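Hi,

Here is the structure I promised to pass on to you. Please open it alongside this note, so you can follow the residues as you read.

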Amino acid sequence: MTIRRKILNIIAITIVCVMAVFYVTTTRITLGGLSVLEDQYACLNLDRIQHAISSDVERLRSITADWAQRDETYEFIQKGGRGDFIKSNINETTFSGLDLNLIAVLDAKGRPVYTSAYDKSLGGIIPVPAETQPYLSGKNRLIRDSAEGRGRSGILQFAGRMMLIAYEPVLTPASNGQVCGILVMGRHISDNEIRKFQKITCSPIAVYPIDDPKLPKEAASAGKALLAGQTYYTQRLGSAEIAAYKLVKNINKDNALLLRTSIWRNIHRQGQLMLWYTAMSILIVGIVFGVIVMLIVDRVVASKIMVLAKHVDSVGSSGDLSRRIDIPGDDELSRLAEAINGMLSALSQAQLKCLESEDRYRLLVSSLPDYIWVHRDNRLIYLNNSAADALGYAVEEMLGSSILDYVAPEYRDLIIEKAQQRQAGLEVKEYEIELVTESGRHLTVIPRGTSIMYENKPAMLTVLIDVTARKFAEKALKESEARFRQIANSMQDLVCMTGSEGALLYVSPSFRTVLGYRVSDMVGNSIYKYLHPEDRSRALEISRRARRLLIIEKNLFRIRHADGYYLWFETSGSILTDENNQMTGAVLSSRDITERRLNEELMRKKDALLSGVADATNRLLTDTDFESAVNYGLRALGEAAEVDRVYIFKNLEDKEHASPCLTRRFEWVREGGEPRAENPNYRSIPCEDFEQEWYNTLSKGDIVAGLVRNMPEKYRQHMQSQGVLYHMVVPIIMEGHFWGVIGFDDCHSERNWTSNEISVIKVAVGSIGGAIARKQAEDAMRTAKEAADLANTAKSQFLTTMSHEIRTPMNG
């Protein structure tokens, strides 16, 4: 699009926008204001009409009041309608002169003294019509108000007709006495009356009863709005006329009549005409302005631009950057020509630098280790020295030959396919091909091509990255990795490789054999997931230290088996680092030492148990306080055996039930445990609560032991209520007699006692039995000694008594 057309479009759009803004603005403001002015003018006409009606009512009231104050009217009423009052005062001339249609004289009680009506079309004075008589009755409120001295005047509506009417009381001549009668005068609102009002406003007038069911639709809508509280109601009847409505009250101050007037919308038409003239003026001014602007632009701007374009085209077609553009003047286009001359100078210098840079680029490309060639239609038109040297040819020898001549036959179809994909605009993924050198050696390269302009013609630039050495290295690495995997797969130890954050990257098949996990399920998970919760924080600390020191210390960890239990492993490993000596992962080797740990733990427990038994036995043998020695021995056995409760029950014969029972004698409870000394259910236990088979086993000197969950129902519930997981009872046999039992309760683990541990416990129980036997023997000796002492005392007393008895008769 030319500048002329652009400027023309801008001017046209500007004129249209100005016209649109002007139209919208003036329509809303000017025509809106004129519409308000029309409404006000129509409402003013309504006020003028109402004022004219009020003036007629007031004039009628004044005439009626004047007649009511005459003495003749008073005397006429006092005489009951007799006299010459009617002849001298009321005749057709009176009706026509005062423009009246009704005259009525009533006494104070509202009884008619004289009534007559006037209708010129019916022959003059006529009797009062029947529809008017109710308003002349003493029962009418207007008559009653007038009888009380309050005159009334206004519009009266009846039988579809409207009348201006006035009620005035007739007083005594002094005008201050009592009301002696009422004078009523009325005038019909006829078409002539309405035409008189029309002359006042110079606009058509209509009056409707507000309660008329046959009201026109527009009048009914106006009536509803006015009854709702509006003072005026205006309605536009098209673009030529506007109607206005107002309510008129009757003599009783009720809204009885709907007054309508209409005016021609001359103001609106004048406003529209003024807007049209103004719009045409703006349009004409805009067109003239546009023509002037176009002439100025064409003379001042366009001609110079054409000259400038001609000079620029000549420079472009010749390619001579030394040529310059000459446009006289001191305006923007002259300065633009100077700027173009400066640009041409800069381009000339840049061209020189570009040629120099191209020479340097060619030298650089020729010395690059990657192979670079440019080809068009698969014919070589340029290649660097590295490509020629690698293939064993001279550069001049290869130029013009097909690139397919240097590609291994099995890769030529791939080359053609990738070229077609690139020409179709498809994405070409990285691929490898093999080149054949002059000596027949194969080079593996990765081609990366792109379209370029070479010597102003399309061509293809291909960079060939030699990856032959890398392929040999990868092959060697894969062979090494295969050997490593073969070694790792044949090892029984657990071998794994992790990332820097502990994610498993490789696990050996031995994980399946030892831990029961599938290898595919473990790869990708964190190694910490499989450690015992108590070992995870230690493992994380070791990992942080290894990241800092690049050394993995040998440690022991518990690793979860697929079945849920844990095995002990001894783990060592080495750190994997990157070129910046930063940790990227680790290779770990773990050996199962669970059996060794179990044996060590058994040895530790056995040693602790033997130490405890020795300590308890020594105390039982050396301490003279039997109670203290037994309690100490129970504590030593409980701590050494790592149980929660140790107790001794004695086997007694229950004389009341003639059945054996076990009674509690001693008890030790680990700190924090619940003693049963105060529980009456454990002070004495009838042996019938035991299984008979167990009682017989204990009586024979054998132990009863096992996991509580595997014991008989009754006994299991009893022990589980106490939180016992493992229970062992060892009999105490003295001189072949079942003296009692010593029990061991484990509330924190379901342990399985070894035969060695049970043997040690039996030795300890034997020591306690020996201590009990020694205590019983000491008690028996003490009792025998006390009995012997008592016998000696009795014997001495007896001999003394006998000696005294014998000596007394002899001395007698």
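Below is what I found, starting with the salt bridges and moving on to the helices.

Before anything else, please keep in mind that this is a predicted model.

**Salt bridges**

The structure holds 27 salt bridges. As a reminder of the chemistry, side chains of opposite charge can pair when their charged atoms come close. Three of the pairs are described here.

Let me begin with Asp145 and Arg152, whose closest N and O atoms lie 2.6 Å apart in a salt bridge. Are these two residues buried or exposed? Asp145 has a relative accessible area of 12%, and because buried means under 20%, it counts as buried. Arg152, at 18%, falls under that same cut-off and is buried too.

The next pair is Arg547 with Glu501, where the N to O distance is 3.8 Å. Which parts of the chain does this pair link? Arg547 sits in helix H16 (residues 533-549), while Glu501 belongs to the loop between strand E16 (494-499) and strand E17 (504-507), so the bridge connects distant parts of the chain, 46 residues apart. As for accessibility, Arg547 is partly exposed at 37%, whereas Glu501 is exposed at 61%.

Then there is Arg545, which forms a salt bridge with Glu553, with 3.0 Å between the closest N and O atoms. Glu553 is partly exposed, with a relative accessibility of 34%.

Going back to the first pair, Asp145 and Arg152 are also part of a network: together with Glu148 and Arg150, they are joined by salt bridges that share partners.

**Helices**

You may also like to look at how helix H1 (residues 3-68) packs with helix H8 (residues 266-318): their axes are 9 Å apart and the angle is about 165°. Because an angle over 145 degrees counts as roughly antiparallel, that is how H1 and H8 run relative to each other. The crossing of H1 with H8 is right-handed. Which classes of residue make up this contact? There are 23 nonpolar residues, 9 polar ones and 3 charged ones.

Finally, have a look at helix H12 (residues 409-423). With 15 residues at 1.5 Å each, H12 should span 21 Å, and its end C-alpha atoms are 22 Å apart, which agrees. After H12 comes Gly425, which has a positive phi, near 85°.

Happy browsing, and best wishes from this end of the corridor!

Technical notes: Residues are numbered from 1 along each chain as its sequence is written. This is a predicted model: local features need pLDDT of at least 70, side-chain atom pairs count only at pLDDT 80 or more; totals for chains, interfaces and linings use all residues. Side-chain values use heavy atoms; hydrogens and water are left out. A salt bridge is a side-chain nitrogen of Lys or Arg within 4 Å of a carboxyl oxygen of Asp or Glu. Buried means under 20% relative accessible area, exposed over 50%, partly exposed in between (1.4 Å probe, protein chains only). Helices (H or I, at least four residues) and strands (E, at least two) are DSSP runs, numbered from the N terminus. Axes are lines fitted to C-alpha atoms, for helices over the stretch in contact, and angles run from 0 to 180 degrees between N-to-C directions. Angles under 35 degrees count as roughly parallel, over 145 as roughly antiparallel, 65 to 115 as roughly perpendicular and the rest as oblique. A crossing is left-handed if the near helix is turned anticlockwise from the far one by less than a right angle, and right-handed if clockwise. Ala, Val, Leu, Ile, Met, Phe, Trp, Tyr, Cys and Pro count as nonpolar, Asp, Glu, Lys and Arg as charged, and the others, Gly among them, as polar. The expected span of a helix is 1.5 Å times one less than its number of residues.
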